[in-house]
Number of protein chains: 2
Amino acid sequence: MSFNEAFKAIADPNRRKILSLLKKGDLTAGEIAEHFDMQKPSVSHHLKILKQADLVEDRRVGQHIYYSLNTTVFQDLMSWFYDILQKEGDKS
Amino acid sequence: MSFNEAFKAIADPNRRKILSLLKKGDLTAGEIAEHFDMQKPSVSHHLKILKQADLVEDRRVGQHIYYSLNTTVFQDLMSWFYDILQKEGDKS
DNA sequence: TAGATATTTAGACAAATTTCTAAATATCGA
DNA sequence: TCGATATTTAGAAATTTGTCTAAATATCTA
């Protein structure tokens, strides 16, 4: 069910930026927010959407909540691209 | 400029379906519309968005307008995924 | 040129999205 | 337990998106 959700999640440039930041290592919500001009609740909202799409995971450590990439769904998205690019496929 | 536009374009399931249909061969706007429950102007709207994102090209042949995949931008999108998946990258 | 077919454009409208501020929740440290 | 810090939740407002109907444009054929 999160295939479509994931495509929608990565459609937003702020969320793609979050994913790029996490590529380099896990970050807390606050650290992520420092990279944006938005208010923290807005960043939190984007994190929620990424989480619902299974693109990131979160874990609490004391007062902080750490976010990290969950790469498994990326594989599925990549597969869709592969399928489009290789002619003579048969996925509907 | 069409990198973000392309990500937005593929966020819609109807548009992804159009791209999948075109994978098998070029189709006219009317043939594409036959695969959907939407009215033709709505399909035309989706085609316009795909065209603006450089994901498809169109050419008129008599009364018909044929649509075909333009795979060059797909490569760019794929690159973004690759970049996320391989750790230790340095794209911001 | 007139009528038929194929497609797009224009404009309206409802639903979804993005952002904000204010308030709530969770944890830490004294 | 209280106050400070970190983060999310709630709810409102503005913008964007997806769809529709009606009308316009382009091409073909008789």
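The following legends describe close-up views of a predicted model of protein chains A and B with DNA strand C.

**View 1. The protein surface near DNA strand C draws on both chains.**
The residues around DNA strand C number 23, and those that come nearest are A:His46, B:Gly30, B:Ser44, B:Gln63 and B:Tyr67. At least two residues of this surface are supplied by each of helix 2 (13-23) and helix 4 (40-52) of chain A, and by each of helix 3 (29-34), helix 4 (40-52) and strand 3 (64-69) of chain B. The most is given by helix 4 of chain A, with four residues. Sorted by class, the surface holds 12 polar, six nonpolar and five charged residues.

**View 2. Side chains of chain A meet phosphate oxygens of DNA strand C.**
Among the atoms of DNA strand C within 4 Å of the protein, sugar or phosphate accounts for 74% and bases for the rest. An N or O atom in the side chain of A:His46 is 2.4 Å from a phosphate oxygen of the strand. A:Ser42 places a polar side-chain atom 2.8 Å from a phosphate oxygen of DNA strand C. For A:Arg15, the separation between a side-chain N or O atom and a phosphate oxygen of the strand is 3.1 Å.

**View 3. Helix 2 of chain A packs with helix 5 (residues 72-85) of chain B.**
The axes of the two helices are 9 Å apart and form an angle of about 35°. From helix 2 of chain A, the contact is made by A:Arg16, A:Leu19, A:Ser20 and A:Lys23, and from helix 5 of chain B by B:Trp80, B:Asp83 and B:Ile84. These residues comprise three nonpolar, three charged and one polar.

**View 4. An aromatic pair crosses between chains A and B.**
Over all chains, the whole structure contains 13 aromatic pairs. One of them joins A:Phe81 and B:Phe74 edge-to-face, with 6.2 Å from centre to centre and 70° between the planes. A:Phe81 belongs to helix 5 (residues 72-85) of chain A, and B:Phe74 to helix 5 of chain B. A:Phe81 counts as buried because its relative accessibility is 0%. B:Phe74 is likewise buried, with a relative accessible area of 0%.

**View 5. An aromatic pair within chain B links helix 1 (residues 2-9) to helix 5.**
The ring centres of B:Phe7 and B:Trp80 are 5.4 Å apart and the planes stand at 75°, so this pair is edge-to-face. B:Phe7 lies in helix 1 and B:Trp80 in helix 5, 73 residues apart, and the pair thus links distant parts of the chain. B:Phe7 is buried at 0% relative accessibility, and B:Trp80 is buried with a relative accessible area of 4%. Ring pairs link both residues into a cluster with A:Phe3, A:Phe7, A:Phe74, A:Trp80, A:Phe81, B:Phe3, B:Phe74 and B:Phe81.

**View 6. A:Asp54 and B:Asp54 have positive phi values.**
Most residues other than glycine have a negative phi. A:Asp54, which is not a glycine, has a positive phi of about 65°. This residue is found in the loop between helix 4 and strand 2 (56-61) of chain A. In chain B, phi of B:Asp54 is near 65°, and B:Asp54 lies in the loop between helix 4 and strand 2 (56-61) of that chain. A:Asp54 is partly exposed, with a relative accessible area of 36%. B:Asp54 is also partly exposed, with a relative accessible area of 35%.

Conventions
Residues are numbered from 1 along each chain as its sequence is written. Chains are lettered from A and ligands numbered from 1 in the order in which they are written. This is a predicted model: local features need pLDDT of at least 70, side-chain atom pairs count only at pLDDT 80 or more; totals for chains, interfaces and linings use all residues. Side-chain values use heavy atoms; hydrogens and water are left out. A residue is near a molecule or strand if one of its heavy atoms lies within 4 Å of it. A polar contact is a pair of N or O atoms within 3.5 Å; within protein, one must be able to donate a hydrogen and the other to accept it, and residues adjacent in sequence count only if both atoms are side-chain atoms. Ala, Val, Leu, Ile, Met, Phe, Trp, Tyr, Cys and Pro count as nonpolar, Asp, Glu, Lys and Arg as charged, and the others, Gly among them, as polar. Axes are lines fitted to C-alpha atoms, for helices over the stretch in contact, and angles run from 0 to 180 degrees between N-to-C directions. Contact means heavy atoms within 4.5 Å. Rings of Phe, Tyr and Trp (its six-membered ring) pair if their centres lie within 6.5 Å; planes under 30 degrees apart count as stacked, over 60 as edge-to-face and the rest as tilted. Buried means under 20% relative accessible area, exposed over 50%, partly exposed in between (1.4 Å probe, protein chains only).
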